[in-house]
Amino acid sequence: MAEVSLRGVKKRFGTTQVIHGVDCQISDGEFIVIVGPSGCGKSTLLRMIAGLEEVTEGDIAIAGKVVNQVEPKDRDIAMVFQNYALYPHMSVYENMAYGLKIRGVPKAEIRQRVDRAADILQIGALLERRPRQLSGGQRQRVAMGRAIVRDPAVFLFDEPLSNLDAKLRVQMRVEIRKLHQTLRTTSIYVTHDQVEAMTLADRLIVMNAGRVEQIGTPITLYEDPATLFVAGFLGSPAMNFLSGAVAADGQSVALPGGVQAPLATAHAAAAGRPVTVGIRPEHLDLAEGAPPTATMKVDLVELLGADTIVHGRIGDGGILLARIDGAVPIRTGDDLPLVLAPERVHLFDRETGARI
Amino acid sequence: MIEKKGVGMWLTHLVLILGIATVAFPIYVTFVASSLTLSEVLDAPMTLVPGSHLIENYSTALFSGTQMNATPVAGMLFNSLVMALVIAVGKIAISLLSAFAVVYFRFPFRMVFFWMIFITLMLPVEVRILPTFKVVSDLGMLNSYAGLTVPLIASATATFLFRQFFMTIPDELVEATKIDGAGPMRFFRDVLIPLSRTNIAALFVILFIYGWNQYLWPLLITTDNAMDTIVIGIKRMLAAGDDQIEWPVVMATSMLAMIPPVFVVVAMQRWFVKGLVDSEK
C-alpha cells in the first residue's frame, strides 16, 4: 500500500500537448477515479503512472519515491486493462501465476496466493480453463485476480468495465467497490462513465482536454461544481444550462421567458452580468400550490416508473429538463408550474465557465 | 455448410472422385512400376497390376543405387532430410526473430531494414544464384551441408508473415507482460512463440517441402555424390547415357522420395489447417 503523488505532470506527444500539468496527492488506501470524456488524457495519465508512457515534465511518486525512470515491473503496481489482456494460451491459473513466476516466487506460495485470490473473486472453479472459454465477466475477474495475487502497492484500472453489458457492469462495479473495502489497496480507476465514477470513488478527478477541472469527493463535485464542465459532466440527466443575467441588486437572476429566480446569496459583484445558469433536473419540483418560480411548457414526457423526465421550455431559448419523483400524470402541451430552491441555482461565467 | 441431397450430392462426389483419381493415378503407376522387373516395365502397354519384385527393387535403391549411379538412396534421403529440416527450422527461427525486432523494437532505420527484407521477396533464388554461388564457393562451403542450407535460410516471406501476425497481437498483451515483469525475450518466449505455434506449424510444413524439393541450388553446389539429395539423385539416375535406365529402381526411389513430405503433412495436418484457418489461437 502506498500514496501516489502527481506533481506538475505533463505529457507531450511530439508537439501536441495532451496533459497540461496535473497535481494531485492520493493517500494510502484511497480509491481515486479519473473521469472525463474520451480524449481528455485520462488514460494517458494512468499509463504514465503505470510506466507505460514516459513523463514529459513533472514527477510521479509512488510511496514517496519518484518513479519517472522506473520500469513498470519495479513500480509495485498492477493494472487491469479494458480488454482484459489475458494471455490466451495460458490457463486461468497460469495467467494469474505468471507475474509471480517471473518474480521467482516459490511454487507453493504461488499456489496459495492464486487460490486465495480465486477465492475472493469466486473463480476457483475456472482455474484450469482458457480465457476463451470464459464469459466477459469471468475474464474481467481473472484480470483482477492477476492484479490481486501480486499484492501491489497500487491498483490501476483502465476502463475495466467498458466491454461488459450494462447489467454485468453494475454488478462488477459493486464487486470492485467491495473488493476495495476488503483489500484497502490504493486504487486509481479511469472511466468515462460518470455513474461508475460517482459510485466507486472516494475522490474524483474530473479531466477535460488535458486539464484537471476539479478534484473532490463525488458529492462535493455534484453539489459544488467548480466549472461549467464539471457541472455538465456529472449527474444524469445532465444539468440544464440557461442563459441569464444577474439582477442589479444581485439577489436574483433573470432567465428566459421573463422568469426571475431568486438566489441564495447576493451576487453583488456579478450584478448586471450575463451568466450561464445551471439547474439540475432533479432540483426542479412541482409547485403543488406553492407560488411557482417558473412555468414550463411541456414538450415531451418520459415515464420511467421511479421518476418522470419532463422536457419543456420556458420562454424562447430556455429548454429545460425536469426530473420529478414518481409517475406523475403530465401530458404534452401542459403548462407545468415549477419551484426551484435558491441554493440549487448555480451561476457560471459566460467566458471562462468558472463558477461565480 | 449446406448439405446437398440427391443428384447434387452424387455429382459432387463424382467430381471429387474423378479429381482424386486424376491426381493419384500417376502415383499408382509409379508404385506398380517400382514392383516390376525392368523388362516388365518396358512391355507396352505396362501392366497395372503390382508385380513381385517390390522388396528387391526398394532394397537395391536404398542400399546400392543403380549400376550407373551407385550411390545408395538411404544416404540421399538423409541428405535431403538434413537439408529440409535445417532450412525449415532455420527459416522459422530467423524469421521469428527478425519479425520480433521489426514489430516490437524502436531502432534507427527500422523501416529501412523491414523494406530491405521485403524487397528481397522480389528477387527469387534464380536471380541471385550466381553471386550466391560465388560467395558460397569463396567461403569454401561447396559440397557441405552448410553450403546446401545457409543461403536458403533467409526468408522474407516468413518474416513478413510473422510480422503481420505479430501486428494483430493487442498492445495490451505486451503491456501486461511489462507490468508482470517479463523482459522482451521472456515475452518472446512465453507469449509470442506459444501464440504463433499454429503459424509455425503451417510454415514448417510449407518450408520442409520447399527444402525437400530444392533442385537448382543443390545441383549447382554439390559435385560429390555423397552430398546428393534425393531430388538430384533421381536426376542422376535418369542420366544413364547409352545404358538402359533402371526404371523399377528409379520408380522405387521416387516413391521413397515422396514418403517424408507426405509424413510431415499427415503428421502436422491438424496444426497446419488450424494455422491457416483459425483466427482464435
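Two residues are said to be in contact, or to touch, when heavy atoms of theirs lie within 4.5 Å of each other. With that in mind, and remembering throughout that this is a predicted model, we can begin with one residue of chain B: leaving out residues up to four places away in sequence, B:Val174 touches B:Tyr104 and B:Phe187.

Where does B:Val174 lie in chain B? The residue belongs to helix H9, which covers residues 171-180. Its relative accessibility is 15%, and because a residue counts as buried when this value is under 20%, B:Val174 is placed among the buried residues.

B:Val174 also leads us to the largest pocket, since it is listed, together with A:Leu52, B:Tyr104, B:Glu175 and B:Lys178, as one of the residues nearest the centre of that pocket. The lining consists of 30 residues, and the space inside comes to about 960 Å³. Several helices of chain B take part in this lining, for H9 and helix H4 (73-104), as well as helix H8 (156-167) and helix H10 (184-212), each supply at least two residues. Which of the elements gives the most to the lining of the largest pocket? That element is H9 of chain B, with five residues.

From here we can move to another part of chain B, where B:Phe31 stands 143 residues away from B:Val174 along the chain, and where the C-alpha atoms of these two residues are separated by 53 Å. The residue B:Thr30 lies in helix H1, which spans residues 7-33 of chain B. Is B:Thr30 buried or exposed? It counts as buried, because its relative accessibility is 13%. If neighbours within four places in sequence are set aside, B:Thr30 is in contact with B:Met251, B:Ser254 and B:Met255.

Chain A, which contributes A:Leu52 to the residues nearest the centre of the largest pocket, can be described as a whole. It has eight helices and 20 strands, and its C-alpha atoms fill a box of roughly 75 × 45 × 35 Å along the principal axes. Of its 356 residues, 52% count as buried. When the contacts in chain A with a separation of 6 or more are considered, 66% of them are accounted for by residues 24 or more positions apart. The accessible surface of chain A is about 15,300 Å², and carbon and sulfur atoms hold 49% of that area. Finally, chain A carries 39 positive and 41 negative charges, and the mean positions of these two groups are 8 Å apart.

Definitions and conventions:
Residues are numbered from 1 along each chain as its sequence is written. Chains are lettered from A and ligands numbered from 1 in the order in which they are written. This is a predicted model: local features need pLDDT of at least 70, side-chain atom pairs count only at pLDDT 80 or more; totals for chains, interfaces and linings use all residues. Side-chain values use heavy atoms; hydrogens and water are left out. Helices (H or I, at least four residues) and strands (E, at least two) are DSSP runs, numbered from the N terminus. Buried means under 20% relative accessible area, exposed over 50%, partly exposed in between (1.4 Å probe, protein chains only). Accessible areas come from the Shrake-Rupley method with a 1.4 Å probe; for residues, only the protein chains shown count as cover. Lys and Arg count as positive and Asp and Glu as negative; His and the chain ends are not counted. The place of a charge is taken as NZ of Lys, CZ of Arg, CG of Asp or CD of Glu. On a 1 Å grid over the protein atoms alone, a cavity is a set of points where a 1.4 Å probe fits but cannot get out, and a pocket is an open set with protein on both sides within 12 Å along at least five of seven lines; lining residues have an atom within 4 Å of a point. Grid points are joined across faces, edges and corners, and a volume is the space filled by probe spheres set on the points.
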